[in-house]
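Work through the exercises below with the sequence and the model open side by side. Each task is followed by a solution in steps.

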Amino acid sequence: MDIKEEIAQLQSDLEEVNVLLEKAVRKRVQDVLTAEKKMIEREIANKQQQEQHRLLKQKDSGDSEKTLLASTSRGYTVKINNYGWDQSDKFVKIYITLNGVHKIPADNIQTNFTERSFEVLVKDLDGKNYQMNVNNLLSVIDAKESFRKVKTDMVLVMCKKKTQQNWEFLTQVEKKTNDKKKPSSDPDTDPGDGLMNILKKMYDEGNDEMKRTINKAWAESRDKQNKVENMDF
């Protein structure tokens, strides 16, 4: 008999006791029935509490199974920012150093891959969880062929390249940031154009004081240029 059936039977007993209590005349009989009523009510309350605890535990267990990288251990989560990477013809390799990671259960080290991202979660390492999310990878990877290895004090993430090409950066964001810093290498480009573009960007993004300063500089530059052109040699 499960808890729900036990509760149903106890409620039937309680209803019957209430009927008898309404009909009882003698005080001694009333006292006995009242005591029995309280005992049944306490038993029902205990059974209901047990059932609620069982349902809550079942829900927590289900939620943990549905979420691949959900932490079930106590402690807080530390974001992994320090790592190294290199590559071979077939793989991009990410090296994550975590002291003692090789000593925890293998199930505590979880990874998830998509074509343009990967996620690592290390659970319950010295009372802490460690997580790393890398999105917008430079090129597409083969999620099914990607995997992780655990070495002494290290997690090695192996991202399988879809095409055997060299990666100059790990992510697209890193590449775009680097491209913005590069000066133009076009031999036909006037160096002055680059300076004017920088000044224009400063003007568009600057405050009123910055705009006044740039306007003044442009005006003075034009005046000097006009004076040179009007000089009689």
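Helices (H or I, at least four residues) and strands (E, at least two) are DSSP runs, numbered from the N terminus. Residues are numbered from 1 along each chain as its sequence is written. The model is predicted, so local features need pLDDT of at least 70 and side-chain atom pairs count only at pLDDT 80 or more, while totals for chains, interfaces and linings use all residues; side-chain values use heavy atoms, with hydrogens and water left out.

**Exercise 1. List the secondary structure elements of the protein in chain order.**

Step 1. Count the elements: the protein has 5 helices and 8 strands.

Step 2. Read them from the N terminus: the order is α-α-β-β-β-β-β-β-β-β-α-α-α.

Step 3. Add the overall figures. Of the 233 residues, 23% are buried, where buried means under 20% relative accessible area, exposed over 50%, and partly exposed in between (1.4 Å probe, protein chains only). The accessible surface is about 17,300 Å², with 49% of it on carbon and sulfur atoms; the areas come from the Shrake-Rupley method with a 1.4 Å probe, and for residues only the protein chains shown count as cover.

Step 4. Look at contacts, meaning heavy atoms within 4.5 Å. Among those between residues at least 6 apart in sequence, 61% join residues at least 24 apart.

**Exercise 2. Work out the strand order and pairing of the sheet that contains strands 1, 6, 5 and 4.**

Step 1. Apply the pairing rule: two strands pair if DSSP finds at least two bridges between them.

Step 2. Take the pairs in turn. Strand 1 and strand 6 (residues 128-134) are parallel, with 3 bridges, and Val78 stands opposite Tyr130 of strand 6. Strand 5 and strand 6 are antiparallel, with 6 bridges; here Leu121 has Gln131 in strand 6 as its bridge partner. Strand 4 and strand 5 (residues 117-125) are also joined by 6 bridges and run antiparallel, with Phe113 opposite Phe118 in strand 5.

Step 3. Assemble the sheet: it is open, has 4 strands in the order 1-6-5-4, and its pairing is mixed. Strand 1 (77-79) and strand 4 (109-114) each have a single partner strand, so one side of each is left without a neighbour in the sheet. From one strand to the next, the twist averages 15 degrees, with axes fitted as lines to C-alpha atoms (for helices over the stretch in contact) and angles running from 0 to 180 degrees between N-to-C directions.

Step 4. Check the turn. Strand 5 and strand 6 form a hairpin with 2 residues between them, and Asp126 in the turn has a positive phi of about 55 degrees. Asp124, in strand 5, has a phi near 55 degrees, a positive value in a residue other than glycine. Asp124 is partly exposed at 37% relative accessible area.

**Exercise 3. Which strands stand at the edges of the sheet ordered 2-3-8-7?**

Step 1. Describe the sheet: 4 strands form an open sheet in the order 2-3-8-7, with antiparallel pairing.

Step 2. Find the strands that pair on one side only: strand 2 (84-87) and strand 7 (141-151) are the edges.

Step 3. Examine one pair. Strand 7 and strand 8 (residues 154-161) are antiparallel over 7 bridges, and Lys149 has Leu156 in strand 8 as its bridge partner. In the loop between these two strands lies Asp153, whose phi is positive at about 60 degrees although it is not a glycine.

**Exercise 4. How many salt bridges does the structure hold, and what do they connect?**

Step 1. Count the pairs: there are 4 salt bridges, each a side-chain nitrogen of Lys or Arg within 4 Å of a carboxyl oxygen of Asp or Glu.

Step 2. Start with Lys47 and Glu6, which meet at 2.7 Å, N to O. Lys47 lies in helix 2 (residues 27-66) and Glu6 in helix 1 (residues 3-23), so the pair ties together parts that are 41 residues apart in sequence. Lys47 is buried at 18% relative accessible area, whereas Glu6 is partly exposed at 23%.

Step 3. Turn to Asp31 and Lys27, with a distance of 3.0 Å, N to O. Asp31 and Lys27 are 4 residues apart in helix 2, so about one helical turn separates them.

Step 4. Add Lys162 and Glu115, whose closest N and O atoms are 3.4 Å apart. This pair links distant parts of the chain, 47 residues apart: Lys162 is in the loop between strand 8 and helix 3 (172-181), and Glu115 is in the loop between strand 4 and strand 5.
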